[in-house]
Structure formats: C-alpha cells, structure tokens
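Biologist: I should like to learn how to read a structural model with care. May we look at one together?

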Amino acid sequence: MALENKLHITDPAELASTEERISKKKSIQLLEAQLLFMKAMWHVRQQSFR
C-alpha cells in the first residue's frame, strides 16, 4: 500500500530524492535532540557528585 504523496510531486525520481533529503534532516534533528538530552543528563549527574 503506497502512502499519500503530500508533497504533490509527480516525478518519481524527484519524489524519492526529496523524501531522502527530508528523512536525513529528521534523522539529524533526532540525533541532535538525543545528544542534548545526554549532555543535560551528564550535567545533572556531575552536579549530584558535588
């Protein structure tokens, strides 16, 4: 079952390229959020040892 094309792109190659670019952007955003969370937890842990 194919997903709805919310981007309204008719060219399959352009659609695939755009989807890949969006996917990579979202992956980077998730990784950055995880790194920020880990940094915050490290900071809290360091504060608890003082």
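Biologist: How much area does the protein chain expose, and what share of it do carbon and sulfur atoms supply?

Modeller: Please note that this is a predicted model. The protein chain exposes about 5,100 Å², and 62% of that area is supplied by carbon and sulfur atoms.

Biologist: What percentage of the 50 residues count as buried?

Modeller: A residue counts as buried when its relative accessible area is under 20%. In the protein chain, 6% of the 50 residues count as buried.

Biologist: How many helices and strands does the protein chain have?

Modeller: Its secondary structure consists of one helix and zero strands. The radius of gyration is 19 Å, well over the 10 Å that the globule rule gives for 50 residues, so the chain is more spread out than a compact globule. The C-alpha trace spans about 60 × 20 × 15 Å along its principal axes.

Biologist: How many positive and negative side chains are there, and how far apart do the centres of the two sets lie?

Modeller: The protein chain carries 8 positive and 6 negative side chains, with the centres of the two sets 18 Å apart.

Biologist: Which side chains meet in a salt bridge?

Modeller: Side chains of opposite charge can pair when their charged atoms come close. The structure holds one salt bridge: the side chains of Lys-24 and Glu-20 meet at 3.2 Å, N to O. Both residues belong to helix H1 (residues 12–48) and lie four residues apart, about one turn of the helix.

Biologist: Is Glu-20 buried, partly exposed or exposed?

Modeller: Glu-20 has a relative accessible area of 45%, so this residue is partly exposed.

Methods: Residues numbered from 1 in each chain as written. Predicted model: local features only at pLDDT ≥ 70, side-chain atom pairs only at ≥ 80, totals over all residues. Heavy atoms only, no water. Helix = DSSP H or I, 4+ residues; strand = E, 2+ residues; numbered from the N terminus. Rg over C-alpha atoms; globule rule 2.2 N^0.38 Å. Buried < 20%, exposed > 50% of the residue type's maximum accessible area, 1.4 Å probe, protein only. Areas by Shrake-Rupley, 256 points an atom, 1.4 Å probe, with all protein chains shown as cover. Lys, Arg positive; Asp, Glu negative; His and termini not counted. Charge placed at Lys NZ, Arg CZ, Asp CG, Glu CD. Salt bridge = Lys/Arg side-chain N within 4 Å of Asp/Glu carboxyl O.
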